[in-house]
Amino acid sequence: GYIFLFVLKDKEPPTVNILYPEEGYTLRSSKPIEVEASDNKGIKSLKYFIDDQLYHEKFILTEQDISNAKDKWWNPCELSPGTHLLYVEASDFRKNSTTSTSIRFLIDPNLKSDCAGDCNGKAVLDDCGVCSDGNSGHTYNSDIDCTGECFGGAVIDKCNTCSGGKT
């Protein structure tokens, strides 16, 4: 007897669509880019292009990896204010690829990184010039001693009196 083994090549390219941002949308926060991608044999990678330059490449290990909502790579604060072009290329394991429709989006001129580097974050410089609050890990004005001096040595003693430092 003979055994015939037919191997059919995967000729079907993946599909990919950008869900967010939408065409003409103005970004005023760092909400993540959302895409929808699928393939009959699985997605291998997603390449994100902004202004015709590769911005990020994501390799897919599981179906959950297609959803990139928790990725930290996207930082719209790195882009200059104004209009930008975004498209995504999805590739499967047989090197078939598809490019999404290109969308234009705008970066609001007020969208900036805070002093801790977070896009549209809440950290600010306190009265001592230290990046505080937000995700900075520092409490606002916590470096001011009881005399009001930044980085001073005065403390409240056991008698509840400001002492030491320049008191």
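## Strand E4 and its neighbours

In strand E5, Phe59 is the bridge partner of Ser45. E5 covers residues 53-59 and is joined to strand E4 by six bridges, with the two strands running antiparallel. Strands here are DSSP runs of E with at least two residues, helices are runs of H or I with at least four residues, and both are numbered from the N terminus. Two strands count as a pair if DSSP finds at least two bridges between them. E4 and E5 also form a hairpin with two residues between them, and Asp51 in the turn has a positive phi of about 55°.

E4 has a second partner, strand E6 (residues 82-92), and the two pair in the antiparallel sense over seven bridges. One residue of E4 to look at here is Phe49, whose bridge partner in E6 is Tyr87. How many of the eight residues of E4 are buried? Six are, so E4 (residues 43-50) is largely enclosed by the rest of the structure. Buried means under 20% relative accessible area, exposed means over 50%, and partly exposed lies in between (1.4 Å probe, protein chains only). In a regular strand, side chains alternate between the two faces of the sheet.

## The model and the whole chain

This is a predicted model, in which local features need pLDDT of at least 70 and side-chain atom pairs count only at pLDDT 80 or more, while totals for chains, interfaces and linings use all residues. Residues are numbered from 1 along each chain as its sequence is written, and side-chain values use heavy atoms, with hydrogens and water left out.

The chain has 12 strands and zero helices. Of its 167 residues, 34% count as buried.

## Unusual backbone points

Most residues other than glycine have a negative phi, and most peptide bonds are trans. Against that background, a few places in this chain can be listed. The peptide bond between Tyr20 and Pro21 is cis, with omega about 5°. Pro21 sits in the loop between strand E1 (15-20) and strand E2 (26-27).

Phe151 is not a glycine, yet has a positive phi of about 60°. Its place is the loop between strand E10 (131-132) and strand E11 (155-156). Is Phe151 buried or exposed? Phe151 is exposed, because its relative accessible area is 55%. Asn160, also not a glycine, has a positive phi of about 65°. Asn160 lies in the loop between E11 and strand E12 (162-163), and counts as exposed at 64% relative accessibility.

## Salt bridges

A salt bridge is a side-chain nitrogen of Lys or Arg within 4 Å of a carboxyl oxygen of Asp or Glu. A search of the whole structure finds two of them. In one, Arg28 is bound to Asp108, and the closest N and O atoms are 3.4 Å apart. Arg28 lies in the loop between E2 and strand E3 (34-38) and Asp108 in the loop between strand E8 (103-107) and strand E9 (124-125), so the pair ties together parts that are 80 residues apart in sequence. Arg28 counts as exposed at 56% relative accessibility, whereas Asp108 is buried at 12%.

The other salt bridge is between the side chains of Lys166 and Glu149, at 3.7 Å from N to O. This pair links distant parts of the chain, with Lys166 in the segment after E12 and Glu149 in the loop between E10 and E11, 17 residues apart. Lys166 is exposed, with a relative accessible area of 66%, and Glu149 counts as partly exposed at 27%.

## Other charged residues

Lys9, Lys11, Lys41 and Arg94 gather in a patch of positive charge on the surface. A patch is made of residues with over 30% relative accessible area and no salt bridge; like charges are joined within 9 Å, and nonpolar side chains (Val, Leu, Ile, Met, Phe, Trp, Tyr) within 5 Å. Accessible areas come from the Shrake-Rupley method with a 1.4 Å probe. Lys and Arg count as positive, and the place of a charge is taken as NZ of Lys or CZ of Arg. Within the patch, Lys11 is found in the segment before E1 and counts as exposed at 69% relative accessibility.

Asp126 lies in the loop between E9 and E10, and counts as buried at 6% relative accessibility. The C-alpha atoms of Asp126 and Asp143 are separated by 9.2 Å, and the two residues are 17 residues apart along the chain.
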